[in-house]
Amino acid sequence: MTRLLLVGFIALAVFNFSSGCGPSARDPQPFALPSAYKVGNKPATLVAYDMNNDEFPDLLVPNTNDHTLMFFEGNGDGTFKEPFVMRTGREPVALAVADFNGDRIPDIAVCNYGDGNLSVILGQKDGVFKILDRVKTGKLPIAITTGDFNNDRKADLAVTLRFDKLIIFLGNGDGTFKPAEAYKAPGTPARLVSGDYNGDHNLDLAITFNALKMNFIRIYDGNGDGTFQTPRKIMGGKQASYITQSDMNGDGHLDLIISSPTADSLTLFLGDGKGGFQRQADFAAEKGPGYIVSGEFTGDRIPDLIVGNVRDGDISLLQGRGDGTFIFPHFNYPVGRQPRAIVGADFNKDGLEDLAVLLYGSATLQIFMRKIDIGRIDS
């Protein structure tokens, strides 16, 4: 059986949070004991999305060494069916989900790192998938995001190549894509996100870079026709490996958060809605911070952060104050070897955000269900 109950983790040392800064604050303990599912060899990333339109989040896991993509269908109660396994190209490392062919069923685009292309996989009404095509990207596609970059109501793709390129693919609306537009992105581009950062109703891109001495992100402002302006640098961070976005201070504008595993730190950039970002002082994480999830995990209706710490084998809960700062000490939640990726979603439809954590070291997918709201932790 793929599904395993982790009764061996009942030890209090594992399932109690430990403070990263001192013993005085109350332990929030927001999650119940996890369940776990085996994944493939060298799992790369994790995406939560309702793939079959049943209103229950499902999970997607690409396995780099197996050259496969696993689809875990959610049952709506926090459990998942046995995975459906699809073949991809060589070394799938990243994926994006959108309706690429206009049938209102989610589809998947997978970055095949070893082949230098994308696998386009179409969702079907019967809940199965059909591999449509391979799209050439260039050498070593490492990250991908989706959005409507030319305002034609068709899903497009943005892909970073490992060394120095950003590639844009404009969707035709039938699951195929127009020839790529390439932009220079020197400095070893890593992750990217899309959002309207300057209030012009056109999608922009924000990219992290993780080569040596890289201490900035780049913003590519969209023109609304599928092209992008010369990028501008936003200074901050160091060799950032991951980026996410959320409104962390409640002003209605997207903010950017990056993780720097070499510096064991996080950096928050508060957006002003006009394209500007104000860098906040770097704040402490644990060892090797990677994936970041923004969500409301403590019941106070203020966004918090969950961070995966690869070298520590734990995740950290940083409770937000609602103004772009966080309550310290934060709390650490041991999960297992090398937490590679994390996503947040309500897996059992109880209105609380749960977590899925992908453990690279043990090729395991863990599901952490939220308990009742715990309220605010006073600093």
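**Figure 1. Salt bridges in the predicted model.** A search of the whole structure, which is a predicted model, finds 6 salt bridges. Side chains of opposite charge can pair when their charged atoms come close. Three of the pairs are shown in the views below, among them aspartate 221 with arginine 232.

**Figure 2. Close-up of glutamate 73 and lysine 81.** These two residues form a salt bridge, with 3.8 Å between the closest N and O atoms. This distance counts because the cut-off is within 4 Å. Glutamate 73 is partly exposed, at 23% relative accessible area. Lysine 81 is partly exposed as well, at 38%.

**Figure 3. Close-up of aspartate 221 and arginine 232.** The closest N and O atoms of this salt bridge are 2.8 Å apart. The pair links distant parts of the chain, 11 residues apart: aspartate 221 lies in the loop between strand 18 (216–220) and strand 19 (232–235), and arginine 232 lies in strand 19. Aspartate 221 has 8% relative accessibility and so counts as buried, the limit being under 20%. Arginine 232, at 25%, counts as partly exposed.

**Figure 4. Close-up of arginine 311 and aspartate 264.** A salt bridge joins the two residues, with the closest N and O atoms 3.0 Å apart. Here too the pair links distant parts of the chain, with the two positions 47 residues apart in numbering. Arginine 311 sits in the loop between strand 26 (304–309) and strand 27 (314–320). Aspartate 264 sits in the loop between strand 21 (255–260) and strand 22 (265–271). Arginine 311 is exposed, with a relative accessible area of 52%, whereas aspartate 264 is partly exposed at 23%.

How values were computed:
Residues numbered from 1 in each chain as written. Predicted model: local features only at pLDDT ≥ 70, side-chain atom pairs only at ≥ 80, totals over all residues. Heavy atoms only, no water. Salt bridge = Lys/Arg side-chain N within 4 Å of Asp/Glu carboxyl O. Buried < 20%, exposed > 50% of the residue type's maximum accessible area, 1.4 Å probe, protein only. Helix = DSSP H or I, 4+ residues; strand = E, 2+ residues; numbered from the N terminus.
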